Amino acid sequence: MNYLNTEEPYLLFQKAVNNPMFVDKSMLIDAVSKRIGTNSGYLCITRPRRFGKSINAHMLGAYYSKGIDSRHLFAQLRITSASGNQKHHNSHNVVFLDMSRFPDFCNCYKQYISAVIEGLREDLLEAYPWLGKKTYYAVSQMFRDSRDSFLFIIDEWDSVFYKDFMTDADRSAYLSFFKNLLKDQPYVELAYLTGVLPIAKYSSGSELNMFDEYNFMNDTVFDSYFGFSEQEVRDLCERSAKAVPFDDLKKWYDGYFMSNGESLFNPRSVVSALSHGVCLNYWTQTGPMNEIASCIEHNTAAVREDVVKMVAGIPIETDLEGYSASELQLHSRDEILSAMVVFGFLTYYDGCLRIPNHELMEKYLRVLARDSMGEVKEIVESSRQMLDATLAGDASTVAQILEHVHDREIPFLQYHDENSLSCVITLCYLYARKDYLIERESKSGKGYCDYLFLPKKYGKPAIVLELKVNDTCEAAISQIKDKNYTEKAKQSASQVLLVGISYDKSSKRHRCIIEKQL
C-alpha cells in the first residue's frame with residue numbers, strides 16, 4: 001500500500017512519543033472525532049513550518065487507521081480519558097497523503113500529481129480487486145465504486161505551490177484535483193488538511209469552499225494543539241537533562257498567542273534549545289531569513305515604516321483579513337503583513353502586529369541592513385560609529401549622528417511623537433545588538449528606563465539611556481540616578497554608562513551627556 005491504511009503514520013508518531021521532549025496533544029483527536037461523518041468534516045489547519053502540523057497528522061493517522069493496532073501507543077495519553085472516542089480507534093480506512101513527497105527527478109506538476117494518482121489507484125485495486133474489471137477516468141470514481149468510506153489526512157497540502165515549475169494553470173488544476181477527490185463525495189467521512197498556506201475561498205464558486213479554515217489569525221478551536229503553552233514549556237524544563245532557564249526560553253521563543261491571550265511558544269525551537277542546552281536561532285536558521293526579506297521586498301515602501309517601528313518595540317495597529325494560497329503575488333501592505341503572520345514572522349493579536357520574540361528579532365535586524373531598505377540601510381551602517389562614540393564618552397558625536405538622521409527626508413523618522421524618537425534611537429544603535437541585549441521600557445530600580453543595554457559578555461560596560469523632549473540632558477541623567485535605573489545593569493557589568501539625550505522642538509537640536517558610573 002502507498003497511502004491507504006499504511007503503517008507510516010503509526011511508525012512516525014511512535015518515534016515522536018519516544019522522544020524525551022514529547023508533548024501530549026492527543027486531545028486534538030477528541031476535537032476532530034466530533035467532525036467525522038458530519039457536514040463539518042472538512043478541516044484545513046494551517047500553521048508556520050515546524051509548529052507541530054505533521055506530528056499531529058501522524059497521530060491522527062495512527063489513531064484512526066484500521067491498518068494497524070495502535071492501542072498500546074495511546075494507552076498513556078490523554079485521549080484515553082475522553083468518552084466516546086474508542087469507537088473511532090483503529091476503526092476507519094485512512095488515506096494518508098504527505099504532499100511534500102515528490103517523485104525522483106520531478107520536473108513538472110504533471111509528474112508530481114500523476115505519481116499521487118497512480119499510488120491511489122494501486123491501493124484501491126489491491127484493497128478492492130473488483131475495481132480492476134472497469135476502466136476509470138478519475139480516481140474519485142474508484143473510491144465511489146469501492147462502496148466504502150474513508151478518512152483523508154493530507155499533510156503539507158501546499159508544498160507544491162513553492163516549486164518553480166508551478167504555473168497559474170497548475171495551481172488551478174491542483175485545487176480542482178482536491179475538489180474532484182473530496183467535495184460532495186459520499187465516501188468522505190473526514191478530510192483533514194494541514195499546510196502553511198490557507199485555502200483560497202473568497203467566492204461561493206471556489207474549488208474548496210467546503211473547508212473550514214483555521215490559521216494563526218482566526219483559530220479559536222484548535223489553537224492549543226499547535227505550538228507549546230507556557231505550562232508545557234515549564235514542564236519540559238523540569239524534565240530536561242540540559243538545564244535551560246524558562247525565562248531564556250520565553251524571551252527567545254515566546255510571543256505568539258492563543259485566542260484567549262495565553263502565550264504560545266515556537267515548539268521546534270524550544271525542543272532544540274532543551275536538547276542542545278542553549279538558546280540559539282533554530283527555527284530561523286535557513287528559509288525564514290530569505291522569506292522575511294522576500295515578503296518585505298515585494299513592496300518595501302509600504303511596509304518599511306511598520307518594520308522599523310516593530311523593531312523599536314512599537315506595536316502596529318491594523319485590521320488584517322487574511323492570506324490565501326491564491327495570493328502568492330504580494331502587492332498591498334495588508335497582503336504582505338497578512339502573509340508574514342501566516343508564515344509566523346509576525347504575531348497578530350487584539351488588532352496589533354508585533355515581532356514575536358528574540359529569535360525573529362535577530363532576523364529583522366539583518367533585513368534592515370539590506371539594500372532594499374534604502375536610507376534606513378545607510379543609518380544602520382552608521383550605527384557602529386554611534387556605539388563607538390557612546391563607549392568612548394564622545395557625547396558631541398552622538399548628538400551629531402542624531403542630527404544627521406533626523407535631517408534626512410524620511411517622514412516617519414521626523415519627531416511627531418515619542419515613537420518617532422524611539423525609531424531613530426533604535427536604528428542608530430542597531431549595531432549595538434551584536435554585543436548587547438537591548439531592552440526598551442525596561443523595569444529597573446524605581447521605574448522603567450527608556451533603554452537598557454546589557455552586555456552579552458562580561459567586560460563591556462552596561463548602558464542606561466534616557467530620552468527627553470523639550471527638557472534637558474541633565475534632567476535625564478538625574479532621573480536615571482534618582483530612580484536607580486542602574487540597578488539591573490549593575491548585575492551584568494562592573495561599569496555603567498549613563499546616557500542622557502534631549503531634543504528641543506523649538507531649536508530642533510539634540511544634546512547628549514554621558515557619565516561613567518562604577
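**Exercise 1.** In this predicted model, determine which kind of contact joins the side chains of arginine 101 and aspartate 98, and whether each residue is buried or exposed or in between.

*Solution.* Begin with the atoms: the N to O distance between the side chains of arginine 101 and aspartate 98 is 3.4 Å. A salt bridge asks for a side-chain nitrogen of Lys or Arg within 4 Å of a carboxyl oxygen of Asp or Glu, and the two residues do meet in a salt bridge. Next, turn to accessibility, where buried means under 20% relative accessible area and exposed means over 50%, with partly exposed in between. Arginine 101, with a relative accessible area of 48%, is therefore partly exposed, whereas aspartate 98, at 15%, counts as buried.

**Exercise 2.** Find the residue with which lysine 434 forms a salt bridge, and state whether lysine 434 is buried or exposed.

*Solution.* The partner is aspartate 435, and the closest N and O atoms of this pair are 3.9 Å apart. For the second part, lysine 434 has a relative accessible area of 53%, so this residue is exposed.

**Exercise 3.** Explain why the salt bridge between glutamate 474 and arginine 511 ties together separate parts of the sequence.

*Solution.* First, establish the pair: the closest N and O atoms of glutamate 474 and arginine 511 are 3.5 Å apart, and the two residues form a salt bridge. Then place each residue in its element, since glutamate 474 lies in helix H19, which covers residues 473-482, while arginine 511 lies in strand S16, which covers residues 509-517. The salt bridge therefore ties together parts that are 37 residues apart in sequence. As for their surroundings, glutamate 474 is partly exposed at 39% relative accessibility, and arginine 511 is partly exposed with a relative accessible area of 40%.

**Exercise 4.** Place these pairs within the whole protein, by stating how many salt bridges a search of the structure finds and which residues are linked in a network.

*Solution.* A search of the whole structure finds 22 salt bridges, and a network of such bridges links Glu230, Arg234, Lys250 and Asp254. The supply of charges comes next: the protein has 58 positive and 69 negative side chains, and the centres of these two sets lie 3 Å apart. Finally, consider the fold that carries them, which has 19 helices and 16 strands, and in which 56% of the 518 residues count as buried. Among contacts in the protein with a separation of 6 or more, 70% come from residues 24 or more positions apart.

Technical notes
Residues are numbered from 1 along each chain as its sequence is written. This is a predicted model: local features need pLDDT of at least 70, side-chain atom pairs count only at pLDDT 80 or more; totals for chains, interfaces and linings use all residues. Side-chain values use heavy atoms; hydrogens and water are left out. Buried means under 20% relative accessible area, exposed over 50%, partly exposed in between (1.4 Å probe, protein chains only). Helices (H or I, at least four residues) and strands (E, at least two) are DSSP runs, numbered from the N terminus. Contact means heavy atoms within 4.5 Å. Lys and Arg count as positive and Asp and Glu as negative; His and the chain ends are not counted. The place of a charge is taken as NZ of Lys, CZ of Arg, CG of Asp or CD of Glu.
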